Every structure is written in structure tokens, then in C-alpha cells.
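Let's take a walk through this one, from what is hidden to what sits at the surface. Keep the viewer open as you read.

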Amino acid sequence: MALNTVTNQFLAALGVEHALERATVAVLAGFHLQLLKLYCVEAKIERARLMRQNPLDYQALRAMDRELEEVACLLRDLEMEQRLA
């Protein structure tokens, strides 16, 4: 009987570990998504500031546009993953 109890406790602990791991991954994914959204807003503000300072600095503006596009792609990918999950 003691062997069965130990086995059951081990299997229960293993199940708890997997549940905690899934919960941790979900929380971190949400945190990552929130950080990307905030970064996107900050990048848009920075781009607007660059436009006001020197509207003819196309190189800096293009770099900000590329950065914003990368973040937008990451956000779309994460949102698609969340919808599928």
C-alpha cells in the first residue's frame, strides 16, 4: 500500500509541475504581449518626435518605420497564436 501511495503522490506532483509550467508560460506570454504593445506606442511617439525635429531625416524615419513594422508583425503573430490556442 505504501508503494502505491508514493507512486500516486509522485504522479500528482508531476501533474502539478506541468500545470504550473503551463500557467507560467501563459503569464509570461501575456506579459510579453503587453510589453510589445507598450513598445509599439513608445516607438510611434518617438517617430512623431523625430518628424517634428527634422522631417527631412528620411534615414531615421525609415529605421523607425522598419522597427514599427517588425513589432506589428510580432503582435500579429502572437495574437494569431492566442486565437488558435
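Before we start, one cut-off is worth having at hand: a residue is called buried under 20% relative accessible area, exposed over 50%, and partly exposed in between. Arg-76, at 44% relative accessibility, therefore counts as partly exposed. Also bear in mind that you're looking at a predicted model.

## Two helices and a loop

Helix α1 covers residues 2-53, and helix α2 covers residues 58-84. Between α1 and α2 there is a loop, and Pro-55 is found in it.

How does Pro-55 sit, buried or exposed, or somewhere in between? With 42% relative accessibility, Pro-55 is partly exposed. If you skip residues up to four places away in sequence, Pro-55 touches Leu-50 and Leu-61. Both Leu-50 and Leu-61 turn up again in the largest nonpolar core.

## The nonpolar core

Which residues make up the largest nonpolar core? There are eleven in all: Leu-33, Leu-36, Cys-40, Ala-43, Leu-50, Leu-61, Met-64, Leu-68, Val-71, Leu-75 and Leu-78. The elements giving two or more residues to this core are α1 and α2. Helix α2 has the largest share, with six residues.

Leu-68 is a good core residue to click on. Setting aside its neighbours within four places in sequence, Leu-68 is in contact with Cys-40, Ala-43, Lys-44 and Arg-47. Of those partners, Cys-40 and Ala-43 belong to the core as well.

Lys-44, another Leu-68 partner, is found in helix α1. Since its relative accessibility is 51%, Lys-44 counts as exposed. The C-alpha atoms of Lys-44 and Leu-68 are 7.5 Å apart, although their positions lie 24 residues apart along the chain.

Another pair to look at is Ala-72 and Cys-40: they are 32 residues apart along the chain, with their C-alpha atoms separated by 7.6 Å. Ala-72 lies in helix α2 and, at 22% relative accessibility, is partly exposed.

## The cysteines

If you're wondering about disulfides, the count is zero. Cys-40 is in no disulfide, and the nearest cysteine sulfur, that of Cys-73, is 11 Å away. Cys-73 is likewise in no disulfide, its nearest cysteine sulfur being that of Cys-40. For a disulfide, the two sulfur atoms would have to be within 2.5 Å.

What about their surroundings? Cys-40 has a relative accessible area of 11%, so it is buried. Cys-73 comes in at 30% relative accessibility and therefore counts as partly exposed.

## Salt bridges

Side chains of opposite charge can pair when their charged atoms come close. How many salt bridges does the structure hold? The structure holds four.

One of them joins Arg-47 and Asp-65, whose closest N and O atoms are 2.4 Å apart. This pair links distant parts of the chain, as Arg-47 is in helix α1 and Asp-65 is in helix α2, 18 residues apart. Arg-47 is partly exposed, with a relative accessible area of 24%, and it is also among the contacts of Leu-68.

Asp-65 has a second partner: its side chain meets that of Arg-62 in a salt bridge, at 2.6 Å from N to O. Why are Asp-65 and Arg-62 separated by about one helical turn? Because they are three residues apart in helix α2. Arg-62 is partly exposed, at 47% relative accessibility. Put together, Arg-47, Arg-62 and Asp-65 are linked in a network of salt bridges.

Then there is the pair of Glu-69 and Arg-76, with the closest N and O atoms 3.5 Å apart. Glu-69 is partly exposed at 45% relative accessibility, and Arg-76 is partly exposed too, at 44%.

## A nonpolar patch outside

Last stop: the surface. Phe-10, Leu-11 and Leu-14 make a nonpolar surface patch of about 300 Å². Leu-14 has its place in helix α1. At 32% relative accessibility, Leu-14 counts as partly exposed.

How values were computed:
Residues are numbered from 1 along each chain as its sequence is written. This is a predicted model: local features need pLDDT of at least 70, side-chain atom pairs count only at pLDDT 80 or more; totals for chains, interfaces and linings use all residues. Side-chain values use heavy atoms; hydrogens and water are left out. Patches are made of residues with over 30% relative accessible area and no salt bridge: like charges are joined within 9 Å, nonpolar side chains (Val, Leu, Ile, Met, Phe, Trp, Tyr) within 5 Å. Accessible areas come from the Shrake-Rupley method with a 1.4 Å probe; for residues, only the protein chains shown count as cover. Helices (H or I, at least four residues) and strands (E, at least two) are DSSP runs, numbered from the N terminus. Buried means under 20% relative accessible area, exposed over 50%, partly exposed in between (1.4 Å probe, protein chains only). Contact means heavy atoms within 4.5 Å. A nonpolar core is a set of buried Ala, Val, Leu, Ile, Met, Phe, Trp, Tyr and Cys residues joined through side-chain atoms within 4.5 Å.
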